Amino acid sequence: MRAFNFAGNAVEFIGKMPVFKAKNEDFFKNWSPEMTYVLGFFAADGNMIKNKRGAHFIAFYSTDRDILEKIKFCLGSDHKIYIRKKNLQNKNWKKAYQIQIGSKEIFKDLLRLGFMPNKSLILKMPKIPRALAPHFLRGYFDGDGHVSASEYQKKDRKHKSKIIITGLTSGSKKFLKGLWGVLKKYAVVKGGTLFYAQGHRLCFSSNDSFGLYNFMYKDAGKLYLSRKKVIFEHYFKNLLRA
């Protein structure tokens, strides 16, 4: 059950006791850089839940607590960030965090934007305003993207070459194909490879990685995952020294 206080924030009821939890119920109603970034992150690592009592929730997950703190701030939320229960069956389990927010209004807005519960395998690329596409990409990349820099040596060369590979993963091939099409349409990338390996993967080589970096970090402010951005910057810095 939900009611509203005089400020327009939602009050969640647990049993018969009202528990005030602040959040911006209108966050996904209007496009903005912050809204679009959070939407991109939600496309990667978010979930929509409707329980047996009919209550509606959205949730975000990450191994990086700091990015959930930033998303929490964007949403005007004072909900607690929890450590997810350890999966004893997964040998590669890492400490992960989650934040869950109850809001039928936000749930409805996400449905309107093309999202749904259990979206992983069926999600399609939503329509994003051109000017805000970099923020959506950055949000998705911070959730389900990866970047790695390395060196390799060709047989006919004396010196090693530096390369950087950027990739995006998803359970939905349609989503990645749609996102790839947007990136080509806006001339962010020229190539790329889409393949399946324990999930659908879209990978880009060095030249396209440079284009992705310039595109998604333009006007980013402080809304990004630092550890991934640093890999790009370290690679470009070393490339200039070579």
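Colleague: Why is the contact of Asp-109 with Lys-29 called a salt bridge?

Modeller: In this predicted model, the closest N and O atoms of Asp-109 and Lys-29 are 3.2 Å apart, and a salt bridge requires a side-chain nitrogen of Lys or Arg within 4 Å of a carboxyl oxygen of Asp or Glu, so the pair qualifies. The two residues come from distant parts of the chain, since Asp-109 belongs to helix H3 (residues 104–112) while Lys-29 sits in the loop between strand S3 (17–20) and helix H1 (33–45), 80 residues apart.

Colleague: How do you know whether Asp-109 is buried or exposed?

Modeller: Buried means under 20% relative accessible area, and Asp-109 has 5% relative accessibility, so Asp-109 counts as buried. Its partner Lys-29 has 31%, a value between the 20% limit for buried and the 50% limit for exposed, and therefore Lys-29 counts as partly exposed.

Colleague: What makes Asp-64 and Arg-227 a salt bridge, and where in the chain do they lie?

Modeller: Their closest N and O atoms are 2.9 Å apart, which is within the 4 Å cut-off, so the pair is a salt bridge. This pair also links distant parts of the chain, with Asp-64 in the loop between strand S5 (56–62) and helix H2 (65–74) and Arg-227 in helix H7 (residues 226–241), 163 residues apart. With a relative accessible area of 12%, Asp-64 is buried, whereas Arg-227, at 46%, is partly exposed.

Colleague: Where do Arg-65 and Glu-69 lie, and what makes them a salt bridge?

Modeller: Both residues lie in helix H2, four residues apart, which is about one turn of the helix. Their side chains meet at 3.3 Å, N to O, and because that distance is within 4 Å the pair counts as a salt bridge. Arg-65 has a relative accessible area of 36% and is partly exposed, and Glu-69 likewise counts as partly exposed, at 34%. Elsewhere, salt bridges that share partners join Lys-29, Glu-105, Asp-109 and Arg-112 into one network, and a search of the whole structure finds six salt bridges.

Colleague: How do you know that strands S4 and S5 pair?

Modeller: Pairing needs at least two bridges between the strands, and five bridges join strand S4 (residues 46–50) to S5, so the two count as paired, running antiparallel. Met-48, for instance, has Ile-58 in S5 as its bridge partner. The two strands form a hairpin with five residues between them, and in the turn Gly-54 has a positive phi of about 90°.

Colleague: What describes the packing of H1 against helix H4, and which residues in H1 and H4 meet?

Modeller: Two packed helices are described by the angle between their axes and the distance between the axes. The axes of H1 and H4 (residues 133–144) come within 7 Å and cross at roughly 35°, and the crossing is right-handed. Among the residues that meet are Tyr-37, Leu-39 and Phe-41 in H1, and Phe-136, Arg-138 and Tyr-140 in H4. The residues of this contact divide into eight nonpolar, five polar and four charged.

Colleague: What makes S8 and S10 edge strands?

Modeller: Strand S8 (145–152) and strand S10 (193–196) are the edge strands of an open sheet of four strands, ordered S8-S9-S11-S10 with antiparallel pairing, and each of them pairs on one side only. The twist averages 25° from one strand to the next. Within this sheet, strand S9 (residues 161–170) and strand S11 (residues 200–204) pair over five bridges in the antiparallel sense, with Ser-170 having His-200 as its bridge partner in S11. H4 lies across S8 and S9, at about 95° to S9, while helix H5 (residues 173–185) lies across S9, S10 and S11, at about 20° to S11.

Colleague: Why does Ser-209 count as buried?

Modeller: Ser-209, in helix H6 (residues 206–216), has 0% relative accessibility, which is under the 20% limit, so Ser-209 counts as buried. Leaving aside its neighbours within four places in sequence, Ser-209 is in contact with Ile-164, Ile-165, Thr-166, Phe-204 and Phe-232. Across the protein chain, 43% of the 242 residues count as buried.

Note on methods:
Residues are numbered from 1 along each chain as its sequence is written. This is a predicted model: local features need pLDDT of at least 70, side-chain atom pairs count only at pLDDT 80 or more; totals for chains, interfaces and linings use all residues. Side-chain values use heavy atoms; hydrogens and water are left out. Buried means under 20% relative accessible area, exposed over 50%, partly exposed in between (1.4 Å probe, protein chains only). Axes are lines fitted to C-alpha atoms, for helices over the stretch in contact, and angles run from 0 to 180 degrees between N-to-C directions. A crossing is left-handed if the near helix is turned anticlockwise from the far one by less than a right angle, and right-handed if clockwise. Contact means heavy atoms within 4.5 Å. Ala, Val, Leu, Ile, Met, Phe, Trp, Tyr, Cys and Pro count as nonpolar, Asp, Glu, Lys and Arg as charged, and the others, Gly among them, as polar.
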